[in-house]
Amino acid sequence: MRREDAPHVARKAYFRGREMFYRSTRGGIDGLTASDTITRGIAPDGGLFVPESQVRLSLDEIENMSAMNYAERAVFILKPFLGDFSEDEIRDCVNKAYTREKFDSDRVVPLRKLNENVSILELWHGPTCAFKDLALQILPHLLLKAAGKTGESREIVILVATSGDTGKAALEGFKDVDGTKVIVFYPEDGVSRVQKLQMITQEGSNVYTVGVKGNFDDAQNGAKEIFNDAALREVMDKKGYTFSSANSINWGRLVPQTVYYVSAYADMLESGEIKPGEKINIVVPTGNFGNILAAYYAAAMGLPVNRLICASNENNVLTDFINTGIYDRNRRFIKTLSPSMDILISSNLERLLFELTDHSGKKVAGWMAELSARGTYTVDKTTLKRIQKLFWAGFTNDDETLKTIECIYKEYGYLVDTHTAVAIDVYDRYVISTGDMTKTVIASTASPFKFNESVAKAVFGQESIKGLGEFQLLDKLSKGCGLEIPPGLRDLDKKEIRHKLVCERTQMKKAVMEILGIQ
Ligand SMILES: *Cc1c(COP(=O)(O)O)cnc(C)c1O
């Protein structure tokens, strides 16, 4: 839809950005500014914040973006969403985030053409080598400005529970940012050696990394309990601290992710790959439904999209949901070679449900109550039809993931990580099942070096990597494939270990209090 055809509210939201407000997906609160939304993170009724008006991009505007660099594109797209930020403030945040110093590519998110139909959107050129950097490099700056606007004078303590990638990206994003502290809890034995070293060698005066004796769920539940501890909040308040969140339930983390999908389209226009208005498919390897939801919002803004393809590993709760309308988390949790997608509760799906039920907070609240009470809910036929009109879902297993890495390397000399390989394999299934030859963008979410063991095994075979340590594997991949080890992973073994704290699952609150000097 062109902007001129958009409903009146949308135009108002677009032309007079200050009119943009946010509400909860469960209907309990509305009329919040972008600043309020970003500082709060999650709505008081348990829902997630969503925009109240539809932002529209016209085709002319998307075409004009072809001549812009990534930072300029980001300012243009973020502006209508951040109603109470001035353009200068947004530009300041963007310019601090997407620098050549932080991203080892001038384009920030280079698009690499794989074959006639498929381009790979490389989202891993940031400091921690996964797509989380695109949001977590800018979120601290947005959060600080937002806190200033809402009159928040307390120091903001960001609590993060991570299965590996979010923790490191949050540490890098928030390190030495005035007015903030970041505390990351990771499962002590549940992350890869590279991921662990990335976190425990983290530099910065305001960052803390704590290993938890338990799995990711333990760390996440512990963090949630700390968030909801009223007595602790009171003490924190007296000491001048407040908590916030850096995971994708925070709108401030989600909205920067819409930028790279529009940017990819602008790149394809620029290279002549597509004609203005031509629809594309977007394939996203999915866990918490955050990254693919950003693609949905890009499509809702007017990006010409044919299908959004939701790719899962064997934790295929989303595949089942999109194919049947039944969300059922009552199943075995499977540890896979694409661990960042090992998740059974995809939080951001709630936002999609709200958008596709004509904004029925009542329906969404009902389903979420069923999910927490029984672990399952079923959406109505109309909602399911709307989902299936835009989304297609599939999943794959570890064997096929490794085979895909090997095939892609053999055929194109191009190395992909396990998560990206899941997306590529599911896309193949999509093409076989539908025959659709629409030009397609596949989101590549991590550098192959970050999941070096699986990637080396796929490319060189199990035998030739036997007995090799993490860093020998990095070297082997680098030499064998003629690729440089990314700066963020280079020399990790030579860095000083700065964070040695490990605690029991039940001691997480105590650890937080000690770090903050609270008795
Ligand atoms: C976080 C992550 C994902 C999943 O993204 P969601 O937004 O949770 O769907 C996929 N791949 C990698 C490498 C990740 O770090």
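Is His359 buried, partly exposed or exposed? In this predicted model, His359 has a relative accessibility of 35% and therefore counts as partly exposed, since that value falls between the 20% and 50% limits.

**Figure 1. The whole protein, shown as an overview of the predicted model.** The secondary structure of the protein comprises 22 helices and 15 strands. Its radius of gyration is 22 Å, close to the 24 Å that the globule rule gives for 519 residues, so the protein is as compact as a globular protein of that length. Along the principal axes, the C-alpha atoms occupy a box of roughly 60 × 60 × 45 Å, and 59% of the 519 residues count as buried.

**Figure 2. Surroundings of the ligand, with its polar contacts.** The ligand is surrounded by 15 residues, and the closest of these are Lys132, Asp165, Gly287, Asn288 and Thr445. Sorted by class, this shell holds five nonpolar, eight polar and two charged residues. Two side chains are drawn with their distances to oxygen atoms of the ligand: a polar side-chain atom of Lys132 lies 2.6 Å from such an oxygen, and a polar side-chain atom of Asp165 lies 2.7 Å from one. The backbone also takes part, with a polar backbone atom of Phe289 at 3.3 Å from an oxygen atom of the ligand. Taken alone, the ligand would expose 390 Å², of which the protein buries 96%.

**Figure 3. Helix H19, residues 418–434, and the glycine that follows.** With 17 residues at 1.5 Å a residue, H19 should span 24 Å, and because its end C-alpha atoms are 24 Å apart, the expected and modelled lengths agree. The buried residues of H19 include the run Thr418, His419, Thr420, Ala421, Val422, Ala423, Ile424, Asp425, Val426 and Tyr427, and Tyr430 is buried as well. Just after the helix, Gly435 adopts a positive phi of about 70 degrees.

**Figure 4. Helix H15 and the loop that leads to helix H16.** Eight of the eight residues of H15 are buried, so this helix is largely enclosed by the rest of the structure. Charged and nonpolar residues alike are found among them, including Glu350, Arg351 and Glu355 as well as Leu349, Leu352 and Phe354. H15 is followed by Asp358, whose phi is positive, near 50 degrees. His359 belongs to the loop between H15 (349–356) and H16 (361–374), and His359 has a positive phi too, near 60 degrees, in a residue other than glycine. Most residues other than glycine have a negative phi.

**Figure 5. Pro339, in the loop that precedes H15.** Pro339 is placed between strand S11 (326–328) and H15, and at 28% relative accessibility this proline counts as partly exposed. Although Pro339 and Ser192 are 147 residues apart in sequence, their C-alpha atoms are 9.5 Å apart in space.

**Figure 6. Asp176 and Ser244, with the distance from Ser244 to Thr180.** Asp176 sits in the loop between helix H8 (165–174) and strand S6 (180–187), where its phi is positive, near 60 degrees, in a residue other than glycine. With a relative accessible area of 46%, Asp176 is partly exposed. Ser244, by contrast, counts as buried at 3% relative accessibility and is found in strand S8 (residues 241–245). Ser244 and Thr180 are separated by 64 residues in sequence and by 9.8 Å in space, C-alpha to C-alpha.

**Figure 7. Asp229, in the loop between two helices.** Asp229 lies between helix H10 (216–227) and helix H11 (230–238). Its relative accessible area is 18%, which means that Asp229 counts as buried, the limit being under 20%. A polar atom of the Asp229 side chain lies 3.2 Å from the backbone nitrogen of Ala231.

**Figure 8. Arg498 and Thr201, two residues far apart along the chain, 297 residues in number.** Arg498 is located in the loop between helix H21 (470–481) and strand S15 (502–504), and with a relative accessible area of 40% this arginine is partly exposed. The C-alpha atoms of Arg498 and Thr201 are separated by 5.3 Å.

Methods. Residues are numbered from 1 along each chain as its sequence is written. This is a predicted model: local features need pLDDT of at least 70, side-chain atom pairs count only at pLDDT 80 or more; totals for chains, interfaces and linings use all residues. Side-chain values use heavy atoms; hydrogens and water are left out. A residue is near a molecule or strand if one of its heavy atoms lies within 4 Å of it. A polar contact is a pair of N or O atoms within 3.5 Å; within protein, one must be able to donate a hydrogen and the other to accept it, and residues adjacent in sequence count only if both atoms are side-chain atoms. Accessible areas come from the Shrake-Rupley method with a 1.4 Å probe; for residues, only the protein chains shown count as cover. Helices (H or I, at least four residues) and strands (E, at least two) are DSSP runs, numbered from the N terminus. The expected span of a helix is 1.5 Å times one less than its number of residues. Buried means under 20% relative accessible area, exposed over 50%, partly exposed in between (1.4 Å probe, protein chains only). The radius of gyration is taken over C-alpha atoms; the globule rule is 2.2 Å times the number of residues to the power 0.38.
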